[in-house]
Amino acid sequence: MKKLIDNILDTAKLKKVHYADIRIVRRQNEEIEVKNGKVDGLIHDEEFGFGIRVLFHGAWDLPAAQK
């Protein structure tokens with residue numbers, strides 16, 4: 001993911017945007033399902049994503065976030 005982020009920021013520099021940032025999100029979710037006092041199921045889910053903001057000629061552009 002670091003290589004992708006570096007490429008995005010390099011592209012922003014080439015396009016001479018005034019400002020650009022990338023926010024990385026890591027989300028974890030764990031669930032335990034209990035039935036009649038006994039563990040019936042375990043779920044662990046993890047997502048990574050990022051959002052990009054670009055300021056160009058005084059206007060913000062918020063491209064779609066990637067997952």
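This passage describes charged and aromatic side-chain contacts in a predicted model.

Side chains of opposite charge can pair when their charged atoms come close, and in this model the count comes to 5 salt bridges. In one of them, the side chains of Lys-2 and Asp-6 meet with N and O 3.2 Å apart; these residues stand 4 apart in helix 1 (residues 2–14), and are therefore separated by about one helical turn. Lys-2 is exposed, with a relative accessible area of 60%, whereas Asp-6, at 31%, is partly exposed.

Other salt bridges connect strands. Asp-21 pairs with Arg-53, their closest N and O atoms being 2.5 Å apart, and because Asp-21 lies in strand 1 and Arg-53 in strand 2, the pair ties together parts that are 32 residues apart in sequence. Asp-21 counts as buried because its relative accessibility of 11% is under 20%, while Arg-53 is partly exposed at 27%. Together with Arg-23, Asp-21 and Arg-53 are linked in a network of salt bridges. Glu-46 and Arg-26 likewise form a salt bridge, at 2.7 Å from N to O, and this pair joins strand 2, where Glu-46 lies, to strand 1, where Arg-26 lies, across 20 residues of sequence.

A negative surface patch is formed by Glu-31, Glu-33, Asp-40 and Asp-45, with strand 1 (19–35) and strand 2 (38–56) each giving two or more residues to the patch. Within strand 1, Glu-33 is partly exposed, with a relative accessible area of 47%.

The model also holds 1 aromatic pair, in which Tyr-19 and Trp-60 meet edge-to-face, 5.8 Å centre to centre and with 80 degrees between the planes. Tyr-19 belongs to strand 1 and Trp-60 to strand 3 (residues 59–61), 41 residues apart.

Technical notes
Residues are numbered from 1 along each chain as its sequence is written. This is a predicted model: local features need pLDDT of at least 70, side-chain atom pairs count only at pLDDT 80 or more; totals for chains, interfaces and linings use all residues. Side-chain values use heavy atoms; hydrogens and water are left out. Patches are made of residues with over 30% relative accessible area and no salt bridge: like charges are joined within 9 Å, nonpolar side chains (Val, Leu, Ile, Met, Phe, Trp, Tyr) within 5 Å. Accessible areas come from the Shrake-Rupley method with a 1.4 Å probe; for residues, only the protein chains shown count as cover. A salt bridge is a side-chain nitrogen of Lys or Arg within 4 Å of a carboxyl oxygen of Asp or Glu. Lys and Arg count as positive and Asp and Glu as negative; His and the chain ends are not counted. The place of a charge is taken as NZ of Lys, CZ of Arg, CG of Asp or CD of Glu. Buried means under 20% relative accessible area, exposed over 50%, partly exposed in between (1.4 Å probe, protein chains only). Rings of Phe, Tyr and Trp (its six-membered ring) pair if their centres lie within 6.5 Å; planes under 30 degrees apart count as stacked, over 60 as edge-to-face and the rest as tilted.
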